Amino acid sequence: MSNKSNVKIAPGAVVCNECELEGDITIGSKTVIHPKAKIIARAGPVIIGENNLIEEQCEIINAEEIENQPETDTSTKPVMIIGSYNVFEVGCEVRSLKIGDNNVMEAKSFLGRQTSLSNGCIVGAGCKLTTEETLEENIVVYGGDCRRRKAGDKPVPQQLQIDFLSKVLPNYHHLKKAPKKAAS
């Protein structure tokens, strides 16, 4: 973690020491962040909700797309908000500022800064979304040409996997600690 980091970890979250956290980051309870995951908040804060699963080599980055922009108003920093019950599989890259609940970013998928996910969406393995749009609820993006269809149901929450990892990861990895509650 760099010196300028301000990371807030909610009680019950499992955050491995080997992950890279930079900037103003808030991590919700029961969220699991694997080793080698990268969360970078350069342009503004990153707020991650509850019960999210962020796997190895995922990159969640809030950084300006255009370098050397004139800094006119520093009080309006873009905030990246990630809802609850999302799964970010191995090697996915997320730059979107708004992700709702119950979404799945499959392995090696990419979500650009101008694209937002509503709720219950799945971005398939290797799919790259960079258009300026918000995906409707329960949309599945799949295949080499990023075809789309509407799913019948939302993806199943990965609660059993999160519970299992919350018990197993501390046995094999050092964790970043949530602040202790002050005794009253």
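Where is the place of Lys36? Lys36 sits in the loop between strand 4 (32-33) and strand 5, and we will come back to its backbone below. This is a predicted model, in which local features need pLDDT of at least 70, side-chain atom pairs count only at pLDDT 80 or more, and totals for chains, interfaces and linings use all residues. Residues are numbered from 1 along each chain as its sequence is written, and side-chain values use heavy atoms, with hydrogens and water left out.

**Overall make-up**

- The chain's secondary structure comes to 1 helix and 20 strands; these are DSSP runs numbered from the N terminus, with helices (H or I) of at least four residues and strands (E) of at least two.
- Of the 184 residues in the chain, 46% are buried. Here buried means under 20% relative accessible area, exposed means over 50%, and partly exposed is in between (1.4 Å probe, protein chains only).
- About 10000 Å² of the chain is exposed, with 50% of that supplied by carbon and sulfur atoms; the areas come from the Shrake-Rupley method with a 1.4 Å probe, and for residues only the protein chains shown count as cover.
- Among contacts (heavy atoms within 4.5 Å) with a separation of 6 or more, 28% are between residues 24 or more positions apart.

**Nonpolar cores**

- In soluble globular proteins, nonpolar side chains tend to be buried together.
- A nonpolar core here is a set of buried Ala, Val, Leu, Ile, Met, Phe, Trp, Tyr and Cys residues joined through side-chain atoms within 4.5 Å.
- The largest one has 33 residues, and Ile27, Ile39, Ile54, Ile60 and Phe88 have the most contacts inside it. At least two residues of this core come from each of strand 3 (20-27), strand 5 (38-48), strand 8 (80-82) and strand 18 (139-142). Strand 5 gives the most, with 4 residues.
- Another core, of 12 residues, lies apart from it and includes Val14, Cys16, Val140 and Ala151.
- Beyond its neighbours within four places in sequence, Phe88 has contacts that include Leu53, Ile54, Cys58, Ile60, Ile82 and Met105.

**Strand pairing**

- Two strands pair if DSSP finds at least two bridges between them.
- One open sheet holds 9 strands in the order 19-18-15-12-9-6-4-2-20, with mixed pairing. Its edge strands are strand 19 (147-150) and strand 20 (175-176), each pairing on one side only.
- Strand 18 and strand 19 run antiparallel and are joined by 4 bridges; Tyr142 has Arg147 in strand 19 as its bridge partner.
- Strand 1 (residues 6-9) pairs with strand 3 in the parallel sense over 4 bridges, and Ile9 is matched there with Ile27 of strand 3.
- Strand 3 is also joined to strand 5, in parallel, by 7 bridges; Ile25 stands opposite Val46 in strand 5.

**Loops worth a look**

- Most residues other than glycine have a negative phi, and most peptide bonds are trans.
- Lys36 is not a glycine, yet has a positive phi of about 70°; Lys36 is exposed, with a relative accessible area of 56%.
- Cys146, in the loop between strand 18 and strand 19, also has a positive phi, near 55°. Cys146 is buried, at 19% relative accessible area.
- Cys127 lies in the loop between strand 15 (122-123) and strand 16 (128-129) and is buried, with a relative accessible area of 1%. Leaving out residues up to four places away in sequence, Cys127 touches Ser109, Phe110, Val141, Tyr142, Gly143 and Cys146.
- Cys127 and Lys108 are 19 residues apart in sequence and 7.5 Å apart in space, C-alpha to C-alpha.

**Charges and surface**

- The count is 7 salt bridges, each a side-chain nitrogen of Lys or Arg within 4 Å of a carboxyl oxygen of Asp or Glu.
- Lys8 and Asp24 form one of them (3.0 Å, N to O), linking distant parts of the chain: Lys8 in strand 1 and Asp24 in strand 3, 16 residues apart. Lys8 is partly exposed at 39% relative accessible area, and Asp24 is partly exposed at 30%.
- Glu93 and Arg95 meet in a salt bridge (2.9 Å, N to O).
- Asp145 and Arg147 meet in a salt bridge (3.7 Å, N to O); Asp145 is exposed at 55% relative accessible area, while Arg147 is partly exposed at 43%.
- Ile47, Val79 and Ile81 make a nonpolar surface patch of about 200 Å². Patches are made of residues with over 30% relative accessible area and no salt bridge, with like charges joined within 9 Å and nonpolar side chains (Val, Leu, Ile, Met, Phe, Trp, Tyr) within 5 Å.
- Ile47 belongs to strand 5 and is partly exposed, with a relative accessible area of 35%.
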